[in-house]
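Here are my notes on the model, set out as numbered points. They go from the overall make-up to single residues.

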Amino acid sequence: MSISRRGARRSVRVLGVASASAALALGLAGQALACDIKDFSATAACDGGKGTITVKDIDRSGAEAEVTLFVKSLAGVETQAGQPQTVKGSSAGTLLTFQEDWKADTTYRIHVTANRGQVDADISPALTTPAKGCATESAPASTPPASTEPSPTPSRTDASPTPSASESTSTAPASAVPSDNAPSPAVGDSNLAETGANSNTGLIAGVAGALVVVGGGAVWFGMRRRGANGNS
């Protein structure tokens with residue numbers, strides 16, 4: 001009888017240990033499948049020039065969760081962004097997208113509630129949007145101001161540059177400009193700088209010839225007169 005009782009006690013102990021192990025395993029499995037705040041993550045992106053915030057739920061239990069966005073201003077004031085949305089997680093991950101036109105370097109607090117309040121926490125860390133926004137419009141290109149400097153004159157290599165009118169006037173020789181105070185040339189001098197109708201050479205030669213004829217006639221007349229006086 002004692003041996004049989006001992007065997008029975010041992011069997012009970014073995015069954016107890018097995019039951020406890022099974023319960024522990026089931027408890028751990030249940031905890032592994034339970035919804036947890038660590039199953040949620042969030043990212044900020046752009047879609048067609050507009051901002052979006054996407055929440056990913058990898059809860060394998062498939063529990064329904066409510067997600068709410070809160071945005072913080074530069075002054076630290078927090079306001080709710082849009083309406084809360086619900087999501088059911090999956091092992092592959094379920095995505096929940098908020099059409100939120102976020103600004104650059106903006107902080108969002110994302111709150112999750114699930115399992116009838118068993119999960120009531122914020123996704124950590126808080127979401128900070130990228131430093132560049134989603135605006136696609138580019139600023140108009142500024143027109144450069146018109147240059148007030150004159151364009152350079154192309155150099156001439158085949159000939160020397162032609163002096164300008166001002167340079168020609170300023171560098172003209174003084175002798176080319178007539179002067180009222182300049183003395184007139186003598187009658188008998190030859191003006192080599194003048195030609196054509198401006199020369200007095202013909203007039204001077206005519207006067208000289210006439211004087212020669214008159215002088216010769218006077219000499220001839222005087223000699224004839226002296227001869228007549230001598231014969232008388």
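1. A contact here means heavy atoms within 4.5 Å. Of the contacts in the protein with a separation of 6 or more, 61% are between residues 24 or more positions apart. The model is a predicted one, and what follows should be read with that in mind.

2. Overall make-up. The protein has 232 residues, and 16% of them are buried. There are 3 helices and 9 strands. Read from the N terminus, the order of elements is α-β-β-β-β-β-β-β-β-β-α-α.

3. The three-stranded sheet. An open sheet is formed by 3 strands in the order 1-2-6, with antiparallel pairing. Strand 1 (40–47) and strand 6 are at its edges; each has a single partner strand, so one side of each has no neighbour in the sheet. On average, and with direction ignored, neighbouring strands of this sheet are turned by 25 degrees against each other.

4. Pairings within that sheet. Strand 1 and strand 2 run antiparallel and are joined by 8 bridges. In this pairing, A45 has T52 of strand 2 as its bridge partner. Strand 2 (residues 50–57) also pairs with strand 6 in the antiparallel sense, over 5 bridges. There, K56 is matched with L95 of strand 6.

5. The hairpin of strands 1 and 2. The hairpin has 2 residues between its strands. G48 takes a positive phi near 65 degrees in this hairpin.

6. C46. This residue is in strand 1. With a relative accessible area of 43%, C46 is partly exposed. Leaving out residues up to four places away in sequence, C46 touches T52, W102 and C134. T52 is also the bridge partner of A45. C46 and G133 are 87 residues apart in sequence, while their C-alpha atoms are 8.3 Å apart in space.

7. Salt bridges. How many salt bridges does the model have? The count comes to 2. In one of them, R109 pairs with E78, and the closest N and O atoms are 2.9 Å apart. R109 is in strand 7 and E78 in strand 4 (residues 78–80), so this pair ties together parts 31 residues apart in sequence. R109 also forms a salt bridge with D122, with the closest N and O atoms 3.0 Å apart. That pair links strand 7 with strand 8 (residues 119–122), its two members being 13 residues apart. E78, R109 and D122 are thus linked in a network of salt bridges.

8. Accessibility in that network. Are the residues of the network buried or exposed? R109 is partly exposed, at a relative accessible area of 23%. E78 is partly exposed as well, its relative accessible area being 31%. D122 also counts as partly exposed, with 31% relative accessibility.

9. E100, a buried acidic residue. E100 is found in the loop between strand 6 (94–98) and strand 7 (107–114). What is the nearest side chain of opposite charge to E100, and how far away is it? It is that of K103, at 8.9 Å. A salt bridge needs a side-chain nitrogen of Lys or Arg within 4 Å of a carboxyl oxygen. E100 is buried and has no salt bridge. The side chain of E100 does make a polar contact of 2.9 Å with the side chain of Y108. Beyond residues up to four places away in sequence, E100 touches G51, T52, I53, A81 and Y108.

10. D39, a second such case. D39 lies in the loop between helix 1 (2–33) and strand 1. D39 is buried and has no salt bridge; the nearest side chain of opposite charge is that of R60, 7.2 Å away. Apart from residues up to four places away in sequence, D39 touches A34, K56, D57, I58 and D59. Among these, K56 is the bridge partner of L95 in strand 6.

11. Points to check. For anyone assigning protonation states, the residues to look at here are E100, buried without a salt bridge, and D39, likewise buried without one.

Note on methods
Residues numbered from 1 in each chain as written. Predicted model: local features only at pLDDT ≥ 70, side-chain atom pairs only at ≥ 80, totals over all residues. Heavy atoms only, no water. Helix = DSSP H or I, 4+ residues; strand = E, 2+ residues; numbered from the N terminus. Buried < 20%, exposed > 50% of the residue type's maximum accessible area, 1.4 Å probe, protein only. Lys, Arg positive; Asp, Glu negative; His and termini not counted. Polar contact = N/O pair within 3.5 Å; in protein donor to acceptor, adjacent residues only side chain to side chain. Pairing = 2+ DSSP bridges. Axes fitted to C-alpha atoms, helices over the stretch in contact; angles between N-to-C directions.
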